[in-house]
Amino acid sequence: MDKESLAIDMIPDAVPAMSMVAADEPYIGQEFDSEASAHAFYNAYATRIGFIIRVSKLSRSRRDGSAIGRALVCNKEGFRMPDKREKIVRQRAETRVGCRAMILVRKVSSGKWVVTKFVKEHTHSLTPGKARRDCIYDQYPNEHDKIRELSQQLAMEKKRAATYKRHLELIFEQIEEHNESLSKKIQHIVHSVRGMENKPQQSQT
């Protein structure tokens, strides 16, 4: 089994294996059935061209919090922020060089994910066809990014839960008011009926 096959086997089940996806060049307007399919396609393309992808910005719907957009970038995107601790420990090798290569996919009303932006050019050398086993997980968010994303999602869910709770409280208040109003109407009707029943008796005495 070659290194590329080993690298493919290490991709989580949520992302289709690269061997199952055609490694053509992305283009604006290209459609995918899911975000995972778009991820797998760009990963296959990146492996053939010679770079590693990294999951970047995620856009969510303001209405229900669902994912509606995702940026997939070269792992050399941006620049690493200086770490004060590195004044003491050995300097790490620079891995980010401000590369702008990326694709942006967005979910449309049909449910498909469509490429809305594609930057092909890289600012560094490429190694075509080289799938580096030790870097395969660079494609996915690191632990801090994942924690931050989950925390944001949790905060959004808590906000939605609080909104639903308030709506339910308002509904219960309206139900109570309606029941109270209905009870008063029933009592009024009962009193009126009793009054009508008592009138003939009073006239006979």
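This passage describes the fold, core, surface and side-chain pairings of a predicted model.

The protein chain holds three helices and five strands. Along the sequence, these elements follow the pattern α-β-α-β-β-β-β-α. Of the 205 residues in the chain, 25% are buried. The chain exposes about 14,800 Å². Carbon and sulfur atoms supply 54% of that area. Among contacts with a separation of 6 or more, 53% join residues 24 or more positions apart.

In soluble globular proteins, nonpolar side chains tend to be buried together. In this model, the largest nonpolar core has 18 residues. F32, Y42, F51, I103 and V105 have the most contacts inside this core. At least two core residues come from each of α2 (35-49), β2 (53-60), β3 (67-74), β4 (102-107) and β5. Helix α2 gives the most, with five residues.

F51 illustrates the contacts of one core residue. Beyond its neighbours within four places in sequence, F51 is in contact with Y42, Y45 and A46, among others. C74, H122, H124 and L126 also belong to its set of contacts.

H124 can be followed from there. This residue lies in the loop between β5 (113-119) and α3. H124 has a relative accessibility of 17%, and therefore counts as buried, the cut-off being under 20%. The side chain of H124 makes a polar contact of 3.3 Å with that of H122. H124 also touches F51, C74, K76, V97 and C99, leaving out residues up to four places away in sequence.

Q30 is another buried residue in a loop, with 8% relative accessibility. Its loop runs between α1 (3-9) and β1 (31-32). Outside the range of four places in sequence, Q30 touches E25 and F41. Q30 also touches W113, V114 and V115.

R100 presents the exposed case. It sits in the loop between β3 and β4. The relative accessibility of R100 is 64%, so the residue counts as exposed, the cut-off being over 50%. With residues up to four places away set aside, R100 touches V119 and E121. R100 and K76 are 24 residues apart along the chain. The C-alpha atoms of R100 and K76 are separated by 8.3 Å.

Charged side chains were examined next. Side chains of opposite charge can pair when their charged atoms come close. The model contains nine salt bridges. One of them joins the side chains of E25 and K120, with an N to O distance of 3.0 Å. This pair links distant parts of the chain, its members being 95 residues apart. E25 belongs to the loop between α1 and β1, and K120 to the loop between β5 and α3. E25 is partly exposed, with a relative accessible area of 36%. K120 is also partly exposed, at 40%.

A second salt bridge lies within helix α3, between R160 and E157. The closest N and O atoms of this pair are 3.0 Å apart. R160 and E157 are three residues apart in the helix, which means that about one helical turn separates them. R160 is partly exposed, with a relative accessible area of 24%. E157 counts as partly exposed at 36% relative accessibility.

E173 and R166 form a further salt bridge. Here the closest N and O atoms are 3.9 Å apart. Salt bridges with shared partners join R166, E169 and E173 into one network. E173 is partly exposed, with 37% relative accessibility. R166 is partly exposed as well, with a relative accessible area of 40%.

The surface also carries a nonpolar patch. L168, I171, F172 and I175 make up this patch. Its area is about 380 Å². One of its members, F172, is found in helix α3 (residues 143-204).

Note on methods
Residues are numbered from 1 along each chain as its sequence is written. This is a predicted model: local features need pLDDT of at least 70, side-chain atom pairs count only at pLDDT 80 or more; totals for chains, interfaces and linings use all residues. Side-chain values use heavy atoms; hydrogens and water are left out. Patches are made of residues with over 30% relative accessible area and no salt bridge: like charges are joined within 9 Å, nonpolar side chains (Val, Leu, Ile, Met, Phe, Trp, Tyr) within 5 Å. Accessible areas come from the Shrake-Rupley method with a 1.4 Å probe; for residues, only the protein chains shown count as cover. A salt bridge is a side-chain nitrogen of Lys or Arg within 4 Å of a carboxyl oxygen of Asp or Glu. Helices (H or I, at least four residues) and strands (E, at least two) are DSSP runs, numbered from the N terminus. Buried means under 20% relative accessible area, exposed over 50%, partly exposed in between (1.4 Å probe, protein chains only). A polar contact is a pair of N or O atoms within 3.5 Å; within protein, one must be able to donate a hydrogen and the other to accept it, and residues adjacent in sequence count only if both atoms are side-chain atoms. Contact means heavy atoms within 4.5 Å. A nonpolar core is a set of buried Ala, Val, Leu, Ile, Met, Phe, Trp, Tyr and Cys residues joined through side-chain atoms within 4.5 Å.
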